[in-house]
Amino acid sequence: MNKYHLTQDQLSAWEAMRSFAQGSIAPLAREIDESDEFPQAIFSQLAELGYMGAPFSPDYGGAGCDAVTVCLLLEEISRASGAVGSSYNAHISLASSVIANHGSPAQKQKYLTALTSGRKLGAFGLTEPSGGSNAGDPKTHAVRCGDTFVINGSKAFITNAWVADLFVITARTENGVSAFILERGTKGFAIGKPDKKMGVHGSPTSTLYFDEVAVPTENLIGDEGTGFRSFARTLDRGRVNVAALAVGLGQAALDAALQYARERTQFGKPIGAFQAIQLPLAEMATEIEAARLLTLNAARMHDAGMPIKLEAGMAKYFAVEASLRACNHAIEILGGYGYLRDFPVERYFRDAKMYQIGEGTSHIQRIVIAREILGRDIVSFG
């Protein structure tokens with residue numbers, strides 16, 4: 001039954017990724033979490049299958065997938081492993097997207113083709129140690145010196161930083177916030193050790209340090225001073241993708257809880273026979289389905305060329321909160337086993353918690369939503 005009214009191409013892509021994710025990613029998810037090591041072999045497989053450039057033009061080696069298809073891919077990857085989903089999303093949704101949407105033909109030929117093929121892994125540098133919500137006022141700055149920009153400052157909590165080859169970052173320039181492409185190994189550019197996080201182990205985040213880093217002017221993305229607008233549009237689309245990741249984790253939690261409710265017996269019957277178990281399962285299923293519909297609707301609007309700031313904020317906010325509730329219910333349904341690492345639901349909860357913070361906290365999403373429905377003259381961040 002095609003209840004989401006997907007095209008045959010979208011259905012085929014969804015089914016193909018589900019098969020790959022459940023067959024090649026899910027069996028390794030626990031090991032990835034426990035080792036906290038980046039699963040390079042999985043990303044090599046994703047590259048071989050053409051997924052590392054899923055949303056981008058075939059002119060630059062991409063698969064040309066629409067936003068709906070990308071959400072379906074992200075949901076299935078996250079359902080199998082939150083860590084793989086996080087790193088995959090940072091590569092396709094953030095770093096590569098800024099170059100694809102705002103880079104010059106030369107930048108696309110040099111950098112985007114390397115990213116879409118999977119030869120290079122991307123990272124996206126926006127958040128800073130002093131704060132992430134005020135993204136339009138970075139403390140990192142870049143001063144033009146002839147045919148180079150000299151960058152000083154730092155970025156924090158950067159997904160893939162420890163393993164990435166190419167970085168898209170923001171810095172304040174004379175004419176406003178600008179975006180730049182940096183290559184790993186550039187003199188003065190240092191990457192901190194991976195952070196010790198609560199969840200998404202295996203998807204490394206690190207701090208970036210810029211000490212008199214000279215970047216050629218041809219690595220400026222777009223015109224000077226247009227970086228924040230470029231990032232803002234990328235984040236609108238990125239929030240839809242994060243919603244898809246959250247849906248995947250919530251679905252995984254629901255799957256685990258349903259299986260346990262059917263198999264675990266108490267008082268001579270499966271615990272799913274008791275209303276105390278039935279009611280939270282019903283809530284989980286309803287909220288995850290609603291989150292998926294919000295996500296797919298925002299993706300369809302994007303594909304139709306419509307503005308999605310409101311819908312993206314709603315999708316991310318609702319999907320993340322629904323995912324966390326689903327994970328929490330799953331832990332309670334499994335009882336003591338839900339609290340053990342022998343079962344995956346505690347990992348789903350730890351992974352889902354990140355999305356309540358990353359790419360705009362749930363608090364910020366509510367402010368974005370309020371500003372869109374009330375008007376910017378009434379609601380502001382300042």
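**Entry: D33**

I looked up the contacts of D33 in this predicted model. Leaving out residues up to four places away in sequence, D33 touches H201, R341, R347 and R350. I placed D33 in helix α2, which covers residues 29-35. I then asked whether D33 is buried or exposed. Its relative accessible area is 6%, under the 20% cut-off, so I noted D33 as buried.

**Entry: α5 against α7**

Next I took helix α5 (residues 82-102) and helix α7 (residues 227-263). Their axes come within 10 Å, and I noted a crossing angle of roughly 160°. Angles over 145 degrees count as roughly antiparallel, and α5 and α7 are therefore roughly antiparallel to each other. I recorded the crossing of α5 and α7 as right-handed.

I listed which residues meet across this pair. On the α5 side they are G82, G85, N89, S93, L94, S97, V98 and H102. On the α7 side I found S230, F231, R233, T234, L235, G238, N241, V242, L245 and L249. Sorted by class, the contact of α5 with α7 holds 10 polar, 7 nonpolar and 1 charged residues. Glycine is counted as polar in that tally.

**Entry: α7 against α8**

I stayed with α7 and turned to helix α8, residues 275-303. The axes of α7 and α8 come within 9 Å and cross at roughly 155°. That makes this pair roughly antiparallel. I noted the handedness of the α7 and α8 crossing as left-handed.

From α7, the contact uses R237, V240, A243, A244, V247, G250, Q251, A253, L254, A257, L258 and A261. From α8, I wrote down I277, L281, M284, A285, I288, A291, R292, T295, A298, A299 and H302. I split the residues of the contact of α7 with α8 into 17 nonpolar, 4 polar and 2 charged.

**Entry: α9**

I checked the length of helix α9, which runs over residues 309-334 and has 26 residues. From its first C-alpha to its last, α9 reaches 38 Å. I compared this with the expected span at 1.5 Å a residue, 38 Å, and noted the two as close.

How many of the 26 residues of α9 are buried? I noted 19, so α9 is largely enclosed by the rest of the structure. I also looked just past the end of α9, where G335 takes a positive phi of about 65°.

Note on methods. Residues are numbered from 1 along each chain as its sequence is written. This is a predicted model: local features need pLDDT of at least 70, side-chain atom pairs count only at pLDDT 80 or more; totals for chains, interfaces and linings use all residues. Side-chain values use heavy atoms; hydrogens and water are left out. Axes are lines fitted to C-alpha atoms, for helices over the stretch in contact, and angles run from 0 to 180 degrees between N-to-C directions. Helices (H or I, at least four residues) and strands (E, at least two) are DSSP runs, numbered from the N terminus. Angles under 35 degrees count as roughly parallel, over 145 as roughly antiparallel, 65 to 115 as roughly perpendicular and the rest as oblique. A crossing is left-handed if the near helix is turned anticlockwise from the far one by less than a right angle, and right-handed if clockwise. Contact means heavy atoms within 4.5 Å. The expected span of a helix is 1.5 Å times one less than its number of residues. Buried means under 20% relative accessible area, exposed over 50%, partly exposed in between (1.4 Å probe, protein chains only).
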